[in-house]
Amino acid sequence: PMALHRFPTRSIQELLSHVFDTAKVPAGVENDVILTWDPSSHLARELFINCLMFRDAKELSDAATVNRSWCAVAQNDMLWQALCDKLWATKVIQPVVPVGLPWRCQYILAKKDGLRDEICLEDLCRVERWLVRMTDRIAGFVLREYAISDYPFRSDYTYVSASFDYEPVAWTFHEEGGRRGGLRVEQDGRLFIAYAQRTADWGWTLTSMHGPGMIQWIALPSPQTITT
């Protein structure tokens, strides 16, 4: 049995909400009581899994600590695959994870990778579309904005777009203190550096300053991701 505060349970979801937030005591409750009705024992496994479908990652992790039965259900691949699908639906690119890894591990690795702020080659060449924005920093308005597609950043460290008549432009990573912080391009005897910044959708924004002007490359979700 589980020690819980008495709670007027009108649905299995209310019970689960209370289990995941035992620190919140309903008004008028003074003492703990023993709740002998354990969903993992009284519900079919498939039904209990369906109930947990409504919980988030933290709640599933908490559920796994209740007992062995809860742990087995809370780590079910179906639950974590649904969380991964929901998490990745709004992201520019999906993280690369080892084949055959349980979905819970994929979720954990994906969240960890989402916090990474050092750019790598895959972050660039796996993005199909980029928004190019040219801005006058002094006047504070956008001069020009357009989208480029067909994976302009290539794995051979070149950039290909209509702006350069589809002639490959070589680039390298710009490093500071042994850390890749952006891209650098040498063209016509001039050096251009575009600094990289991670965005909330796991994409990147590359920003280069030239006098009063600023040009940015902003990673966009692929059409498949948008319609998912």
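Is M78 buried or exposed? Neither one, quite: M78 is partly exposed, at 46% relative accessible area (buried is under 20%, exposed over 50%, partly exposed in between, with a 1.4 Å probe and protein chains only). This is a predicted model, where local features need pLDDT of at least 70, side-chain atom pairs count only at pLDDT 80 or more, and totals for chains, interfaces and linings use all residues. Residues are numbered from 1 along each chain as its sequence is written, and side-chain values use heavy atoms, leaving out hydrogens and water.

**View 1. A nonpolar patch at the surface includes M78.** M53 and F54 join M78 here, and together they offer about 330 Å² of accessible area (Shrake-Rupley method, 1.4 Å probe, only the protein chains shown counting as cover). M78 itself sits in helix α6, residues 77–88.

**View 2. R179 and D117 pair up in a salt bridge.** The N to O distance is 3.4 Å (the cut-off is a side-chain nitrogen of Lys or Arg within 4 Å of a carboxyl oxygen of Asp or Glu). The partners are 62 residues apart: R179 lies in strand β8, D117 in the loop between α7 and α8.

**View 3. R133 meets E145 across two strands.** Their closest N and O atoms are 2.6 Å apart. R133 belongs to strand β3 and E145 to strand β4, 12 residues apart. E145 is partly exposed at 43%, and R133 is too, at 25%.

**View 4. D113, R116, D123 and R198 share one salt-bridge network.** Within this group, R116 and D113 come to 2.9 Å between their closest N and O atoms.

Technical notes: Patches are made of residues with over 30% relative accessible area and no salt bridge: like charges are joined within 9 Å, nonpolar side chains (Val, Leu, Ile, Met, Phe, Trp, Tyr) within 5 Å. Helices (H or I, at least four residues) and strands (E, at least two) are DSSP runs, numbered from the N terminus.
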